Amino acid sequence: MILLQFITGFLLVFDALAFVFRGNDGQIGFYIVRISNFMVYALSYVNTFFFCFYSAEFIKSDLLEFKVLRMPRTGVKNGVPPHLHVVFYICIVGIILTVASQFTNLFYYFDEEGYSHRSALYSLSVVLGLLPGLITLVMIFQSRKLLQKNIFISLVIYPLFPIIGIVLALFSYGISWIDLGYVIGA
């Protein structure tokens with residue numbers, strides 16, 4: 001949970017930097033806006049994955065090691081929810097596509113003034129951001145009998161706000177709904 005708090009904090013710092021330096025015509029502003037936007041996208045995937053990992057630890061009632069991700073079959077045989085592996089791979093694809101977007105304008109692009117704009121495939125980033133949260137919610141609901149009531153409720157509440165933020169982001173541009181969702185959930 002502490003790691004999730006730190007990731008959320010970094011997400012907010014980078015979002016604030018992107019906002020403050022957008023439209024800045026200096027060389028520093030040029031790089032800060034691009035790095036910050038990239039980090040906001042990438043950290044959203046990282047945050048979603050770590051929440052799923054955190055939830056899987058409650059379901060398995062054991063501290064998990066990251067090596068469980070290298071051997072999905074063994075992990076599932078040992079009680080690790082398969083959802084964790086699916087979320088991991090979706091988040092990896094999201095991060096890879098975010099890296100590719102830096103060179104191809106896949107998800108977003110920058111105009112000559114340094115403002116970012118959504119690209120035609122922005123909705124793909126939204127879907128890749130939404131799926132892991134939904135899969136994590138399914139995992140939590142499927143395992144609700146293994147969880148204490150207060151833990152179940154807190155695990156359900158956390159991803160709901162970012163999911164709502166993702167839906168709002170589709171219809172409203174300019175406000176960091178997703179980031180706000182992470183903060184409220186955390």
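The following exchange discusses the fold, the helices and several individual residues of a predicted model.

User: What kind of model is this, and how are residues numbered?
Analyst: The model is predicted; local features need pLDDT of at least 70, side-chain atom pairs count only at pLDDT 80 or more, and totals for chains, interfaces and linings use all residues. Residues are numbered from 1 along each chain as its sequence is written, and side-chain values use heavy atoms, with hydrogens and water left out.

User: How many helices and strands does the protein have?
Analyst: The protein has seven helices and two strands. Helices (H or I, at least four residues) and strands (E, at least two) are DSSP runs, numbered from the N terminus.

User: In what order do the elements run?
Analyst: From the N terminus, the order is α-α-α-α-β-β-α-α-α.

User: Which radius of gyration does the protein have, and what would a compact globule have?
Analyst: The protein has 17 Å, which agrees with the value near 16 Å for a compact globule of 186 residues. The radius is taken over C-alpha atoms, and the globule rule is 2.2 Å times the number of residues to the power 0.38. Along the principal axes, the C-alpha atoms fill a box of roughly 55 × 30 × 25 Å.

User: What share of the residues is buried?
Analyst: Buried residues account for 44% of the 186 residues. Buried means under 20% relative accessible area, exposed over 50%, and partly exposed in between (1.4 Å probe, protein chains only).

User: And what about contacts between residues distant in sequence?
Analyst: Of the contacts between residues at least 6 apart in sequence, 62% join residues at least 24 apart. Contact means heavy atoms within 4.5 Å.

User: Turning to H5, what span should the helix have?
Analyst: Helix H5 (residues 122–142) has 21 residues and should span 30 Å at 1.5 Å a residue; its end C-alpha atoms are 31 Å apart, which agrees. The expected span is 1.5 Å times one less than the number of residues in the helix.

User: Which residues of H5 are buried, and what covers them?
Analyst: The buried residues of H5 include Tyr122, Gly129, Pro132, Gly133 and Ile140. Their cover includes helix H2 (27–60), helix H4 (82–104), strand S2 (116–118) and helix H6 (149–171).

User: How does H6 look on the same points?
Analyst: The 23 residues of H6 should span 33 Å, and its end C-alpha atoms are 34 Å apart, which agrees. Its buried residues include Phe152, Tyr158, Pro159 and Pro162. The buried residues of H6 pack against helix H1 (2–21), H2, S2, H5 and helix H7 (177–185).

User: Where is asparagine 47, and what does the residue touch?
Analyst: Asparagine 47 lies in helix H2 and counts as buried, at 0% relative accessibility. Leaving aside neighbours within four places in sequence, asparagine 47 is in contact with Leu4, Ile7, Thr8, Tyr158 and Tyr182.

User: Now H4. Which residues are buried there, and what covers them?
Analyst: Among the buried residues of H4 are His83, His85, Cys91, Gly94 and Thr98. The cover of the buried residues of H4 includes H2, helix H3 (72–77), S1 and H5. The 23 residues of H4 should span 33 Å, and its end C-alpha atoms are 33 Å apart, which agrees.

User: Is threonine 98 buried or exposed, and what is in contact with it?
Analyst: Threonine 98 has 0% relative accessibility and therefore counts as buried. Apart from neighbours within four places in sequence, threonine 98 is in contact with Phe38, Tyr41, Ala42, Tyr45 and Phe107.

User: What phi does asparagine 105 have?
Analyst: Asparagine 105 has a positive phi of about 60° although it is not a glycine. Most residues other than glycine have a negative phi. Asparagine 105 lies in the loop between H4 and strand S1 (108–110) and is partly exposed, with a relative accessible area of 41%.

User: Last residue: where is leucine 17, and what does the residue touch?
Analyst: Leucine 17 is in helix H1 and counts as partly exposed at 29% relative accessibility. Leaving aside neighbours within four places in sequence, leucine 17 is in contact with Ile32 and Ser36. The C-alpha atoms of leucine 17 and arginine 70, 53 residues apart along the chain, are separated by 35 Å.
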